[in-house]
Amino acid sequence: MFKIPFLDLPPLRSAAGTVRLPGSKSISNRVLLLAGLSEGRTVVHDLLASDDTAVMLDALRALGCGVDVQAGGPVVIDGIGATVKVAAAKLFLGNAGTAMRPLTAALAVLAATQGGSFEVSGVPRMHERPIGDLVDALRGLGCAIDDLGKPGYPPLRLHGPSKLRLSEAVRVRGDVSSQFLTALLLALPLVAEQDVRIEVIGELISKPYVEITLALLARFGIQVRREGWQAFVIPAGSRYRSPGEVFVEGDASSASYFVALGAIAATGTPIRIEGVGSESLQGDVRFAEAAIAMGAAVTTGPNWLEVKRGQWPLRGITLDCNHIPDAAMTLAVMALYADSPSTLTNIASWRVKETDRIVAMATELRKLGATVEEGPDWLRVEPLKAWRAASIHTYDDHRVAMCFSLAAFNGLVTEAAVPVRILEPYCVAKTFPDYFETLFGVVTARSEEVPVLTVDGPTASGKGTLAHELAESLGYHVLDSGALYRATGLAAERAGVSFDDGAALGRVAAGLKLRFTDYRVWLGDEDVTDALRWESTGQLASRVATVPEVREALRQLQLDFRRPPGLVADGRDMGTAIFPGAPLKVFLTASSLTRADRRHKQLMAKGISANIESLRDDLEARDARDKTRPTSPLTPAQDARLLDNSEQTIEQSRDLVLSWWAERSPFKPMA
Ligand SMILES: Nc1ncnc2c1ncn2[C@@H]1O[C@H](COP(=O)(O)OP(=O)(O)OP(=O)(O)O)[C@@H](O)[C@H]1O
Ligand SMILES: Nc1ccn([C@@H]2O[C@H](COP(=O)(O)O)[C@@H](O)[C@H]2O)c(=O)n1
């Protein structure tokens, strides 16, 4: 996940490949609650790992459920079986509507029948999301609920015992959020000694989500009788029974970004989306129909979709989005690539989501240059030709962040392609923590449009340290080019190749089987992370680095590191020979005494004894060889910015370089 203040997406040009979706948020949190309320053990496979499921798991633990989260494996829940195990608890539910609403209902009826006191609260935005219709319905049933803040909004206290009026129908509004009905459907089986009838007031919105609820209730042993979409009866004697094992399907709302991606940018090989398909329980899988209406070419299987570009530009549409409220946000960004305006109607529920999504979408689309009109429950977006580089505010709303990533394909409809900045990209943690990594795995950009920041300089000046700091701040990849020369030197020595045989050394470099994994470097099957850092390996590297055949063989390998979203490359010739067009080149220096001292401390920290004087001699010899070799000598690029960090901390040089980077950015400073 990108835990950084902003992520800049360079212009993206095409897409192809396979993505595996994370588990559905709606299904994950419903399954967790059902498992928690059931008797016995439920093994949940493919559960979504995200902020919203984390708060639900914490809540279940606090209520006395057994919760065993196995890294990379299933989550095992031992339910409380409709019995209050912990009589008082304070539950913090973040911004998870799928936890707040059903837990409120379940704890209200449990407290009423068995006693107890439970407080539910969340982040400030959660305290602005209405829950009054659900509270009214529960109070009508006889539950005791105190408002701890503004009436009609969390936080709430649910307490008991109190007498429930189960013989009367429980009446709930269905036209603001279907989650209120879902909450009652999930809670009332806990107290169904007799038939319990729920009646919906007004037209029920988001029916597909209620269908998910009904299907999952059936998996846990509750067969709800439905009278159209107006009344639901939970039969007397209903009792939660664990099905033992549940598989969570992929998140259909998350699929929408990749369906759109295929429609916009997959001109050859399609985007294959695994985890949802024609047999999916989730209503948002019907987003594919809307994408087809806009011109996407879609084929489906039971649990997969394949999407390619069909008509281009896309077709503008007018669509009632009541059945796909979450995924419909993606259509608003697709509309920028259409041949005529698009109007999305019946989206009033957007106003009470993570943020007011109608305002958010209209505001951010306008920043890109789009003409947008908005009404109480609709949005009209015109196609966009003159795009502006915009910093997209994400309102702590994962879906805003994800759907605006699609704006980075603007180069497909305009000559003057612009990058897109996504502020607070980590908000995707709510449902799809690895969203951007997944996106970058299936998209391509023009190499020259991927930003590169180079850091060159003499030995032990702090290039690698600075490069990693910069890459971490910007979310970019890192190229430690010295590691390639070190690996070549090591491999040549081990193979007994003469260091005077340039052609043979070139072949060693060309045949390097080098892999970079998380903080480790592999040469074939051997972990050479430590061996590469030995001073003796540095000397070998310095010798092979003078050989033109070696430099030529390593050239393409280095260029291949230039991938979205960007690259920080450190070495000796990054700015002069490998990435001469880089928009920012830093030449980093420090006095040889300072550098020898730093290297000495570095080695001592690793338990390797060394002598400062001989270290200084070695690094000066290495610098001399690097500076005087005929091919790609160590020298600042003409347009490099010089930085002597002898008197600076790592943080000071990082911040200085980031300020240089910001100076040349098309984005305005963050508000
Ligand atoms: N201001 C500073 N900037 C960067 N590194 C510093 C600074 N002060 C101390 N150091 C330390 O200097 C040591 C050498 O840094 P680093 O290994 O990044 O250098 P390098 O230039 O990449 O070396 P090499 O040329 O061997 O690849 C590290 O232990 C680092 O923590
Ligand atoms: N772009 C580069 C990078 C490195 N070298 C040579 O490799 C030696 C080891 O590099 P480190 O940065 O890991 O110390 C270095 O002394 C150079 O001779 C290079 O030539 N070009």
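**Figure 1. Asp46, a buried residue with a positive phi.** Asp46 is buried, because 20 other C-beta atoms lie within 10 Å, where a residue counts as buried if 20 or more other C-beta atoms lie within 10 Å of its own, as exposed if 12 or fewer do, and as partly exposed in between, with C-beta atoms placed from the backbone. This is a predicted model, in which local features need pLDDT of at least 70 and side-chain atom pairs count only at pLDDT 80 or more, while totals for chains, interfaces and linings use all residues. Residues are numbered from 1 along each chain as its sequence is written, and chains are lettered from A and ligands numbered from 1 in the order in which they are written. Asp46 sits in the loop between strand E4 (41–45) and helix H2 (51–62); helices (H or I, at least four residues) and strands (E, at least two) are DSSP runs numbered from the N terminus. The phi of Asp46 is near 60°, a positive value in a residue other than glycine.

**Figure 2. Ala460, in the loop ahead of helix H13**. The loop that holds Ala460 runs between strand E26 (452–456) and helix H13 (463–474). Although Ala460 is not a glycine, its phi is positive, at about 60°. Ala460 counts as buried because it has 25 C-beta neighbours inside 10 Å.

**Figure 3. Two cis peptide bonds, each leading into a proline**. The bond that joins Gly160 and Pro161 is cis, with omega about 10°, and Pro161 belongs to the loop between strand E10 (156–160) and strand E11 (170–173). The peptide bond from Trp312 to Pro313 is also cis, with omega near -5°, and here the proline, Pro313, is found in the loop between strand E18 (304–309) and strand E19 (318–320).

**Figure 4. Helix H5, largely enclosed by the rest of the structure**. Helix H5 covers residues 179–187, and 9 of its 9 residues are buried, so the helix is largely enclosed by the rest of the structure. Among the buried residues of H5 are Gln179, Phe180 and Thr182, together with Leu184, Leu185 and Leu186.

**Figure 5. The surroundings of ligand 1**. Ligand 1 is surrounded by 16 residues, and the closest are Gly462, Lys463, Gly464, Thr465 and Arg598; a residue is near a molecule or strand if its C-beta atom, placed from the backbone, lies within 6 Å of it. Helix H13, helix H20 (592–605) and helix H22 (650–663) each supply at least two residues of this shell, and the largest share, 4 residues, comes from H13. By class, the shell has 3 nonpolar, 11 polar and 2 charged residues, where Ala, Val, Leu, Ile, Met, Phe, Trp, Tyr, Cys and Pro count as nonpolar, Asp, Glu, Lys and Arg as charged, and the others, Gly among them, as polar.

**Figure 6. The surroundings of ligand 2**. Of the 15 residues around ligand 2, Gly482, Tyr485, Ala545, Gly571 and Arg572 come nearest. The elements that give two or more residues to this shell are H14, helix H17 (535–544) and helix H21 (612–628), with H14 giving the most, 4 residues. The shell around ligand 2 has 4 nonpolar, 6 polar and 5 charged residues.

**Figure 7. Helix H14 where it meets helix H17**. The axes of H14 and H17 come within 7 Å and cross at roughly 95°, where axes are lines fitted to C-alpha atoms, for helices over the stretch in contact, and angles run from 0 to 180 degrees between N-to-C directions. That crossing makes H14 roughly perpendicular to H17, a term for angles of 65 to 115 degrees, whereas those under 35 count as roughly parallel, those over 145 as roughly antiparallel and the rest as oblique. The contact has 6 nonpolar, 5 polar and 3 charged residues. On the H14 side it includes Tyr485, Arg486 and Leu490, and on the H17 side Thr537, Leu540 and Val544, given that two residues are in contact if their C-beta atoms, placed from the backbone, lie within 7 Å. Arg494 is also found in H14, which spans residues 481–494, and Arg494 is exposed, with 12 other C-beta atoms within 10 Å.
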